[in-house]
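Student: Got a minute to go through a model with me? I'd like to start with a single residue.
Tutor: Sure, put it up.

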Amino acid sequence: MYEHHSPTAESRGGAARRAPRPPHAVCETGGPEARRELDLREHCVLVVGGAGYVGSVMAGRLLRHGARVRVLDALVYRNGFALRHLLEEPKFSFIKGDFVDPPTVKGALEGVSDVILLASLVGDPICKRYPDLAVQANVNASKQLFDMLEATPVERFVFASTCSNYGIHLGNEPAPEGAPLNPQSLYAETKIEVENFILQRAHSVAFAPTVLRIATAYGMSPRMRFDLTVSHFTWALAAGVGLTVYDADTWRPYCHVRDISKAFMSVLCQDRERVRGEVYNVGENQQQFTKRMIVDEARRHLERVDVRYMSGDTDPRNYRVCFDKISRELGFACDHSVQDYVPRLIEARRQGAFSSSEVERAGNYELSAIA
Ligand SMILES: NC(=O)c1ccc[n+]([C@@H]2O[C@H](COP(=O)([O-])OP(=O)(O)OC[C@H]3O[C@@H](n4cnc5c(N)ncnc54)[C@H](O)[C@@H]3O)[C@@H](O)[C@H]2O)c1
């Protein structure tokens, strides 16, 4: 266990409540009616899986907004480097541990006001490669964590699910939260099983659970993932290594890791009864693209691209999603766009911000613990 700071009852109020407003705890854009202030000074947030691609960005942003933050992560990709920049922050602490293990979770929950669950085997390929571990972590440990919260004073629980649950959703109307789920992989099946478990119990537990179905992520993170479409395509095209794109005209929504973090923080800032048992799609209606559109976006910034289109991939997913609910009810809007990110990543490569060998390893390919 590597614990820099042990959150105490103080972090739930007391000194934390009276602390002067830090200059960095500012507003983030909030949406149509009002700009919501994401003031998290009264929160002590446990981020399970907080050393990952999304979590290492989220942990930093929670701190910026005044929260105390504790990360529990098993570092299954040897990804401890993703938290180095936070280890000296006074309101941050890190526990290296497996959330499958109840005593580890019990210790991590001490003094916590909110829990965000990101940890799982993320993505179709890694779940396919390690199916037993995927079920153990994504399903069993997630349900167990939920059950353990009942014995704590935790106030909110936010579960990271995925828009992949819609699987194949064709037709003119994008999928709202009530649309039928159509999983195309073990990964989506595990997420749906936990969603159902949470939603069935949402009104009989003291804490308020919320499910966020996240669009495919992009953006810079201390733990980059180049196995996700936007970064993968952009890097390969910029590096000129030759990119094969399967089923180029299939749709997917995208969301920047910073905007994903903002969505979780928006939930933490709500009156908890408002978000109890709610499911929100996280993304923006205008940020949905086919794979071909992502290639074309990169093409705009490159002299030539080496791309080959093929059909018949093993990934049949094809869906567009409706993000009206999170905009209407939480005032959420994205601050970032794929159009802004693609040239930034191309420039980052030009400037040598990533080495090719680093990029090759930066994805969910192999688990370190059993490698
Ligand atoms: N990245 C995306 O495009 C995307 C899209 C939709 C939903 N999500 C969801 O967001 C969450 C985070 O995704 P990500 O891209 O950051 O994934 P990631 O793989 O980068 O991060 C997952 C983290 O969980 C940790 N972890 C895995 N098993 C663990 C265990 N048993 N105990 C403790 N820690 C464990 C890993 O070490 C890693 O740091 C996931 O729940 C994912 O399903 C992600």
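Student: Is Glu-360 buried or exposed?
Tutor: Glu-360 is exposed, because it has 10 other C-beta atoms within 10 Å. Exposed means 12 or fewer such atoms within 10 Å, buried means 20 or more, and partly exposed is in between, with C-beta atoms placed from the backbone. This is a predicted model: local features need pLDDT of at least 70, side-chain atom pairs count only at pLDDT 80 or more, and totals for chains, interfaces and linings use all residues. Residues are numbered from 1 along each chain as its sequence is written.

Student: Which helix is Glu-360 in?
Tutor: Helix H13, residues 356-361. Helices are DSSP runs (H or I, at least four residues), strands likewise (E, at least two), numbered from the N terminus.

Student: How far is Glu-360 from His-232?
Tutor: They are 9.9 Å apart in space, C-alpha to C-alpha, and 128 residues apart in sequence.

Student: New topic, the ligand. Which residues come nearest?
Tutor: Gly-49, Gly-52, Val-54, Ala-74 and Ala-217, out of 30 around the ligand. A residue counts as near if its C-beta atom, placed from the backbone, lies within 6 Å.

Student: What classes make up that shell?
Tutor: The shell has 18 nonpolar, 8 polar and 4 charged residues. Nonpolar is Ala, Val, Leu, Ile, Met, Phe, Trp, Tyr, Cys and Pro; charged is Asp, Glu, Lys and Arg; the others, Gly among them, are polar.

Student: And which elements supply at least two residues each?
Tutor: Among them are helix H5 (131-149), strand S5 (156-162) and strand S8 (216-218).
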